[in-house]
Amino acid sequence: MKKVGLIGLGAMGSGMASSLRRAGFDLYVFDVRLDHARQFCEAGGTVCKSIEELGSICEVVISVVVNAAQTEEVLFGSPSSPGLVDSLKPQSVFVMCSTVDPNISISFESRLAEKDILYVDAPISGGAAKAASGEMTMMTSACAAAYEKVNPILDAMSGTVYRLGDKAGIGSKVKVINQLLAGVHIAAAAEAMALGLREGVDANALYEVITHSAGNSWMFENRMAHVLAANYEPLSAVDIFVKDLGIVLDMARASKFPLPLSSTAHQMFMQASTAGFAKEDDSAVIKIFPGIELPKAVK
């Protein structure tokens, strides 16, 4: 059985590592929160004290960190610590699961190729619950040699693995477009609920009607349930969409392609972030609307 490493035991990474453990892989994990990693491994798996240690052991390493900057540090290190490339063996595989600019993903693949390390562009979607149950979606692109080494690992973590091309960047482009839709849908759902509250419509009644009507969306149904419960504990934080819609706009700007809805949604998340809701659930974008009284938690 392959020795598989996973870096980043956040909401998604913990679920993915659990899926690998259930599937019987020889699992090694690293997280900057060492106590959190030790707690995770009480049910199985091995904690590594450093990225260097993990890289020296594993043939495949999956990275589930927040953004491109953290992925860069994982791979190539910092002034105070070495990166993964210093310890991975030739023909090892690095699976990059963060949402990043597609051009950065292409650059990662090229720089790793210089070290004879294979690369899989593999952004993920579906949320923490689907990651935990092994039912999330992966949008991947990689060369045939990389796929040959990781196909059983990808399948163990996902309900659906889309194999979109033979080089990095394609998976990330599809993920960026998914984030465009997700961010715009959350912003639109918040605006609709806010208008309903402003007009004196009962929030629960509005939710019931919309979720059984043509105006419904998966994001309205999921995120406005958080608003009704006044539960803004972050499964996906406001600042995630500040970042992801920023990537969407950067990608379009490079080809001078207009994205009016994405621009407006990005400004809404920026406003929520600067108003103090950056770390709250992304449904907290509704808090930017003035003159409304949001539902309160039931005690």
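A crossing of two helices is called right-handed if the near helix is turned clockwise from the far one by less than a right angle. In this predicted model, helix H8 passes helix H9 in just such a right-handed crossing. Helix H8 spans residues 170-198 and helix H9 residues 203-210, and the two pack at an angle of about 135 degrees, with their axes 10 Å apart; that angle makes H8 oblique to H9. On the H8 side the contact is made by Ala 192, Met 193, Gly 196 and Leu 197, while H9 contributes Ala 203, Leu 206 and Tyr 207. Sorted by class, the contact of H8 with H9 has six nonpolar residues, one polar residue and no charged ones.

Leu 195 also lies in helix H8, but this residue has a relative accessible area of 52% and is therefore exposed, the cut-off being over 50%. Its C-alpha atom is separated by 10.0 Å from that of Gly 291, although the two residues are 96 residues apart along the chain.

Met 193, one of the H8 residues in the contact with H9, leads on to the interior. The largest nonpolar core has 38 residues, and those with the most contacts inside it are Met 193, Met 224, Phe 269, Val 285 and Ile 286. Two or more residues each come from H8, H9, H10 (218-228), H11 (238-254) and H12 (260-277), with H8 giving the largest share, 10 residues. Leaving aside residues up to four places away in sequence, Phe 269 touches Gly 183, Ile 186, Ala 187, Val 238, Phe 241, Val 242, Leu 245, Asp 282 and Val 285. A second, separate core of 34 residues includes Met 12, Met 138, Val 150 and Leu 154.

Conventions
Residues are numbered from 1 along each chain as its sequence is written. This is a predicted model: local features need pLDDT of at least 70, side-chain atom pairs count only at pLDDT 80 or more; totals for chains, interfaces and linings use all residues. Side-chain values use heavy atoms; hydrogens and water are left out. Axes are lines fitted to C-alpha atoms, for helices over the stretch in contact, and angles run from 0 to 180 degrees between N-to-C directions. Helices (H or I, at least four residues) and strands (E, at least two) are DSSP runs, numbered from the N terminus. Angles under 35 degrees count as roughly parallel, over 145 as roughly antiparallel, 65 to 115 as roughly perpendicular and the rest as oblique. Contact means heavy atoms within 4.5 Å. Ala, Val, Leu, Ile, Met, Phe, Trp, Tyr, Cys and Pro count as nonpolar, Asp, Glu, Lys and Arg as charged, and the others, Gly among them, as polar. Buried means under 20% relative accessible area, exposed over 50%, partly exposed in between (1.4 Å probe, protein chains only). A nonpolar core is a set of buried Ala, Val, Leu, Ile, Met, Phe, Trp, Tyr and Cys residues joined through side-chain atoms within 4.5 Å.
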